[in-house]
Amino acid sequence: MTNGVKAIRGMNDILPNESYLWEYFEQTVQRWLAVYGYRNIRTPIVEQTDLFVRSIGEVTDIVEKEMYTFVDHLNNDSLTLRPEGTVSCVRAVIEHNLLYAGPQKLYYAGPMFRHERPQKGRYRQFHQVGVEALGYAGPDIDAELIVMCVRLWKLLGISGLRLEISTLGNVESRALHRSRLLKYFEQHRSELDEDGLRRLYTNPLRILDSKNPRMQQVIENAPKLIDDLDAESCNHFESLQRILREQGINFEINLRLVRGLDYYNRTVFEWVTDKLGAQGTVCAGGRYDSLVEQVGGKSIPACGFAMGVERLLALMQECGREIKQPVPDIYIVHQGSEQVMNYAWKCAEFLRDEGLDVILHCGGGSIKSQMKKADVSGALYALIIGDDEFKAQEVSIKPLRELIEQASVKLDSVTEIINSY
Ligand code: ATP
Ligand code: MG
């Protein structure tokens, strides 16, 4: 260990014996997003602190205690490592006037940072893929986002996910609900914990999100938002449900669904599994019709979701989805004069041009020791090149995973021979 320096707690290295799963996941996701016409947006991982504080909400777990905020000592700016991706995406869309060209279907992928207590499925650097549809009032797009998820779960071989949906209503109905909640919780002050008391006057909605078992009863009996809902939001919610039913998608209505960020309104949803213990939410999202305006743009409706890559990969494993680690097609073993080596190099490049994955042995050694390395590499075939092969301008091909005799062949027939085995 170099001077005992280790990675930061809760921030993981992803090593080759695992990173191929990430690559598989990323390739699947890219293809899936293309199918639905979503385009990639890449924003910096650091933003002005103020951007997150204003839009995520001051009285949220993220802003209160999870953000990595620091002062850039060169100019005294307060900066924050992004705890989520939606806000940066909206900032970029406004800054570059993308909505001028019409509604935008976008996605992002990458690391997010939250100072939480690290545990299985909960890290301080974790990864999300986020999908955002800006300029769409829904509920058709709300439904499309959910339908998309169903297709992705199939592609990834994931089963048993539960869809929970709810609606938060519009700004007015939330305000009404807030005042009723405040009144209710004031009457039940003695049942609130420290966090609850602190949030009573700043953001009583957040009390509903408490995981404290001691408070579940008082939360259970609290006034329900559905009773304060405006008619339009009700219609929106019902249309969404109709489309989902029509598309054969099962869902549960969970009126207690509270998202960890303040900017949501109307539709909210989560995909939840029982297979990952306490960290069971793998994907979550909803509508955020006021965010674009709040960040400084025009009033434009939008909806999106983010999924947690670590949790989805863990779930793929729980579901028994096996992805084979990719192996090279060919490992070239070579020994002899410099001419032989040059010939081996030419062969390697030729076969790569043909589309094969080729490892050319580096570092010398006996044919026997090189053959051992060829075996360990997982390659399907060894190509052996020595003086005889060079003179005949051929290569010897030896299948490593099947009992087939070694054969000397012309270089330009290697691909054909491999395909015929
Ligand atoms: P949770 O309730 O688990 O804290 P959240 O509501 O804070 O989740 P979101 O902000 O909605 O999460 O993020 C979307 C998804 O990102 C989550 O459903 C989860 O899969 C993943 N996620 C969030 N925080 C973490 C984390 N610290 N480590 C790993 N994955 C995370
Ligand atoms: Mg959280």
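## The eight-stranded sheet

Two strands count as paired if DSSP finds at least two bridges between them. This model is predicted. By that rule, eight strands form an open sheet in the order 1-5-6-11-10-9-7-8. The pairing in this sheet is mixed. Strand 1 (39-40) and strand 8 (252-253) stand at the edges. Each has a single partner strand, so one side of each is left without a neighbour in the sheet.

Strand 1 meets strand 5 (residues 104-113) through two bridges, in the parallel sense. Within this pair, Arg39 has Leu106 of strand 5 as its bridge partner.

## Helices on the first sheet

Helix 4 (residues 86-95) packs on this sheet. Helix 4 touches strand 5 and strand 6 (125-134). The direction of helix 4 makes about 45° with that of strand 6.

Helix 5 (residues 140-156) also packs on the sheet. Its contacts are with strand 5, strand 6, strand 7 (162-167), strand 9 (265-272), strand 10 (281-287) and strand 11 (302-308). Helix 5 runs at about 20° to strand 11.

## Around ligand 1

Which residues come nearest to ligand 1? They are Arg114, Glu116, Arg122, Arg259 and Thr281, out of 16 residues around the ligand. By class, this shell holds seven nonpolar, four polar and five charged residues. Strand 6, strand 10 and strand 11 each supply at least two residues of the shell. Strand 10 gives the largest share, four residues.

Oxygen atoms of ligand 1 come close to polar protein atoms. A polar backbone atom of Val282 is 3.4 Å from one such oxygen. A backbone N or O atom of Gly308 also lies 3.4 Å from an oxygen atom of the ligand. For Arg311, an N or O atom in the side chain is 3.1 Å from a ligand oxygen. How much of ligand 1 does the protein bury? Taken alone, the ligand exposes 580 Å², and the protein buries 89% of that.

## Two backbone details

Most residues other than glycine have a negative phi, and most peptide bonds are trans. Two places in this model depart from that pattern. The peptide bond joining Gly138 and Pro139 is cis, with omega about 5°. Pro139 sits in the loop between strand 6 and helix 5.

The other place is Asn76, a residue other than glycine with a positive phi near 65°. Asn76 is in the loop between strand 3 (69-72) and strand 4 (77-81).

## The five-stranded sheet

A further open sheet has five strands, in the order 13-12-14-15-16. Its pairing is mixed. Which strands are at the edges? They are strand 13 (358-360) and strand 16 (407-410), and each pairs on one side only. From one strand to the next, the twist averages 30°.

Strand 15 (residues 394-399) and strand 16 pair in the antiparallel sense. Four bridges link them. Val395 stands opposite Val409 of strand 16.

## Helices on the second sheet

Helix 12 (residues 338-353) lies across strand 12 (330-334), strand 13, strand 14 (381-385) and strand 15. Helix 12 runs at about 165° to strand 13.

Helix 13 (residues 367-376) packs on the sheet as well. Helix 13 touches strand 12, strand 14 and strand 15. The direction of helix 13 makes about 170° with that of strand 12.

Note on methods. Residues numbered from 1 in each chain as written. Chains lettered and ligands numbered in written order. Predicted model: local features only at pLDDT ≥ 70, side-chain atom pairs only at ≥ 80, totals over all residues. Heavy atoms only, no water. Contact = heavy atoms within 4.5 Å. Axes fitted to C-alpha atoms, helices over the stretch in contact; angles between N-to-C directions. Near = heavy atom within 4 Å. Polar contact = N/O pair within 3.5 Å; in protein donor to acceptor, adjacent residues only side chain to side chain. Areas by Shrake-Rupley, 256 points an atom, 1.4 Å probe, with all protein chains shown as cover. Nonpolar A, V, L, I, M, F, W, Y, C, P; charged D, E, K, R; others polar.
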